[in-house]
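These are my notebook entries on a structure that is new to me. I record what I looked up, in the order in which I looked it up.

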Amino acid sequence: MKIHPLLPALFLALATSFSVRADEPPAPAAAAKPATLEDEMKAMNRAFRQLKKQIGDAAQNVSSLALVAKMQTAAGAALEFSPSMASEMPEKDRPAFIADYKVKLQAFIATLARLETALKAGDNAAATQLVTDLNGLQKADHKEFRKPMN
Ligand code: HEM
C-alpha cells in the first residue's frame with residue numbers, strides 16, 4: 001500500500017492539536033455568570049410566592065421547608081451585595097445605608113429561622129403568621145432600600 005507523502009504530517013498535526021486542546025483550561029463560557037442582588041431577589045420571589053399559597057397546609061410542610069431553605073440561601077447570598085441605590089447617594093451616607101441594609105436583612109433571616117422552627121414543629125398557625133410578618137418586612141425594606149420604579 002502506498003502512503004500519501006503528506007499523510008504522516010497531517011496525522012502529526014492532528015495529534016498535536018488534540019493534545020494542545022486537552023491542556024487548555026475550561027472555556028470561560030462554562031463558568032457560571034456571577035449572581036447579582038436582583039438574581040437573589042428573583043429566587044426569593046419564586047420561593048415566597050409558592051410558600052404563601054401552601055403555608056396553611058400541614059400536608060405540604062416538607063415542601064414548605066424546602067422553599068424556606070431556598071429563601072434562606074438567597075437571603076444569605078444577598079448579604080454579600082449592596083443595594084444599587086447605594087451607588088447613587090452621597091459617599092458620606094453610603095456606609096450607614098449599607099450597614100442598615102445588612103441589619104434589616106439579618107432581621108429578615110432571623111424571621112425565616114423562626115418560620116423553619118414553626119414548620120418543623122407542625123405549627124401551621126404560627127407559620128402562617130410568620131409568612132405575614134415576612135411580607136411586611138419585604139414591603140418596608142423595599143421602601144427603604146429599593147429604587148422607586150419609574
Ligand atoms: C419575601 C421577601 C422578598 C422578596 C420576595 C423580594 C423580591 C424582590 C424582587 C422580585 C425584586 C426585584 C428584582 C429585579 O429587579 O428583578 C427585589 C429587589 C430588591 N430587594 Fe427584595 N425581596 C424580598 C426581601 C427583601 C429584603 C428583606 C430586602 C432588604 C433588607 C430586600 C432588598 C431589595 C433591594 C435592595 C432590591 C433592589 C435590587 C438592587 O438594588 O440591585 N428585599 N426584591
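Which helices each supply at least two residues of the shell around the ligand? I found that helix 2, helix 4 and helix 5 each do so.

**Basis.** I note that the model is predicted, so local features need pLDDT of at least 70 and side-chain atom pairs count only at pLDDT 80 or more, while totals for chains, interfaces and linings use all residues. Residues are numbered from 1 along each chain as its sequence is written.

**Overall make-up.** I counted 5 helices and 0 strands, in the order α-α-α-α-α from the N terminus on. Helices (H or I, at least four residues) and strands (E, at least two) are DSSP runs, numbered from the N terminus. Of the 150 residues, 16% count as buried; a residue is buried if 20 or more other C-beta atoms lie within 10 Å of its own, exposed if 12 or fewer, and partly exposed in between, with C-beta atoms placed from the backbone.

**Ligand shell.** I found 21 residues around the ligand, the closest being M41, P83, S84, Q138 and D141; a residue counts as near if its C-beta atom, placed from the backbone, lies within 6 Å of the molecule. Helix 2 gives the most to this shell, with 7 residues.

**Helix 5.** I checked the length of helix 5 (residues 124-145): its 22 residues should span 32 Å at 1.5 Å a residue (1.5 Å times one less than the number of residues), and its end C-alpha atoms, 31 Å apart, agree with this. Its buried residues are A127, L130, V131 and L134. Seen down the axis of helix 5, they fall within an arc of 105 degrees (taken from the directions from the axis to the C-beta atoms), so they line one face. The face turned away from them carries exposed residues, including T132, N135 and K139. I then asked what the buried residues of helix 5 pack against. They pack against helix 2 (37-54) and helix 4 (94-120), where contact requires C-beta atoms, placed from the backbone, within 7 Å.

**Core.** The largest nonpolar core has 19 residues, and those with the most contacts inside it include L51, L115, A127 and V131. Such a core is a set of buried Ala, Val, Leu, Ile, Met, Phe, Trp, Tyr and Cys residues joined through C-beta atoms within 7 Å. Helix 3 (61-78) is among the helices that each supply at least two residues of this core, and helix 3 gives the most, with 6 residues. Not counting residues up to four places away in sequence, V131 touches L51, K52, I55 and L115.

Technical notes. Two residues are in contact if their C-beta atoms, placed from the backbone, lie within 7 Å.
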